[in-house]
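Visitor: Got a minute to walk me through this one? I'd like to start with the strands and then wander around a bit.

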Amino acid sequence: MATSRKSPAELDKSVSLAHVPRCDDYEKMISGMLYNSFVPELDRPRFKARAWAHKYSHYYPNDPEATPAGLAKDRLEMLRERLGHIADEEIYIEPPFNIDYGCNISIGKRFYSNFQLTILVAIVTIGDRVMLGPNVLITTATHEVEVASRRQNVEYGKPVTIVG
């Protein structure tokens, strides 16, 4: 069930995240309140995140001298362009990687994800030394069961924390 007020703890977490679309509906989203994901302040960042995810998931160096280490470095820089927080340089996410915003993702030290990671809605905090297998979906996006709120195109999500 959705909450009825903004979460000071989640709002505090968001202050340290990069690329956050500061708006009322974003604050509601990360707080577990009903929010409208179709407002322009969220629609545009979501669109940009999908374009970024496509680029990340299809990137491969077109250089015969390219190395796995060089590919990892390039992908790390791409992750820094979109994700909210990356703790160190030992982060690798095998493509494809799907996100709705990216700014709401905080990744601890020495993180690895195998193919087809998807992270959606709310703040997702991944601790140190976490390794994920293939086809992992981390989402708390949901709708209330009452018809009225679903007709209004509102949804909510709750934060996720994975401890390493």
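Visitor: How do S3 and strand S6 pair, and over how many bridges?
Guide: This is a predicted model, to say that up front. In it, S3 and S6 (residues 111-113) pair in the parallel sense, over three bridges. Tyr92 stands opposite Tyr112 in S6.

Visitor: What's the strand order in that sheet?
Guide: The order is S3-S6-S9, an open sheet of three strands with parallel pairing.

Visitor: And which strands stand at the edges?
Guide: Strand S3 (91-93) and strand S9 (131-132) do. Each has a single partner strand, so one side of each is left without a neighbour in the sheet.

Visitor: OK, on to S4. Which strand is joined to S4 by three bridges?
Guide: That's strand S7 (residues 117-120), and the two run parallel. The bridge partner of Phe97 in S7 is Leu117. S7 also pairs with strand S10 (residues 137-139), again in the parallel sense and over three bridges. There, Thr118 stands opposite Leu137 in S10.

Visitor: Back to Phe97 for a second. Buried or exposed?
Guide: Phe97, which is found in strand S4, has 0% relative accessibility and therefore counts as buried, the cut-off being under 20%.

Visitor: What does Phe97 touch?
Guide: Not counting residues up to four places away in sequence, Phe97 touches Trp52, Ala53, Tyr56, Ser57, Leu79, Leu83, Ile105, Leu117 and Ile119. Leu117 is also the bridge partner of Phe97 in S7.

Visitor: Where is Asn104?
Guide: Asn104 is in the loop between strand S4 (97-99) and strand S5 (105-107). At 1% relative accessibility, Asn104 counts as buried.

Visitor: A buried Asn, then. What lies 2.5 Å from a polar atom of its side chain?
Guide: For Asn104, that's the backbone oxygen of Ala122. Leaving aside neighbours within four places in sequence, Asn104 is in contact with Leu17, Tyr26, Val121, Ala122, Ile123 and Val124.

Visitor: Tyr26 is in that list. Which residues of H2 are buried?
Guide: Asp25, Tyr26, Met29, Ile30 and Ser31 are buried in H2. What covers the buried residues of H2 includes H1, strand S1 (35-36) and helix H3 (40-58).

Visitor: How do H1 and H2 cross?
Guide: The axes of helix H1 (residues 8-15) and helix H2 (residues 24-31) come within 8 Å and cross at roughly 115°. H1 passes H2 in a right-handed crossing.

Visitor: Which residues meet there?
Guide: From H1 you have Glu10, Leu11 and Ser14, and they meet Tyr26, Glu27, Ile30 and Ser31 in H2. The residues of that contact divide into three nonpolar, two polar and two charged.

Visitor: What follows H2?
Guide: Gly32, with a positive phi near 85°.

Visitor: Last stop: Arg46. Buried or exposed?
Guide: Arg46 lies in helix H3 and counts as buried, at 7% relative accessibility.

Visitor: Which side chain does the side chain of Arg46 make a polar contact with?
Guide: The side chain of Asp43, at 2.8 Å. Not counting residues up to four places away in sequence, Arg46 touches Ser37, Phe38, Asp100 and Tyr101.

How values were computed:
Residues numbered from 1 in each chain as written. Predicted model: local features only at pLDDT ≥ 70, side-chain atom pairs only at ≥ 80, totals over all residues. Heavy atoms only, no water. Axes fitted to C-alpha atoms, helices over the stretch in contact; angles between N-to-C directions. Helix = DSSP H or I, 4+ residues; strand = E, 2+ residues; numbered from the N terminus. Left-handed = near helix turned anticlockwise from the far one by under 90°. Contact = heavy atoms within 4.5 Å. Nonpolar A, V, L, I, M, F, W, Y, C, P; charged D, E, K, R; others polar. Pairing = 2+ DSSP bridges. Buried < 20%, exposed > 50% of the residue type's maximum accessible area, 1.4 Å probe, protein only. Polar contact = N/O pair within 3.5 Å; in protein donor to acceptor, adjacent residues only side chain to side chain.
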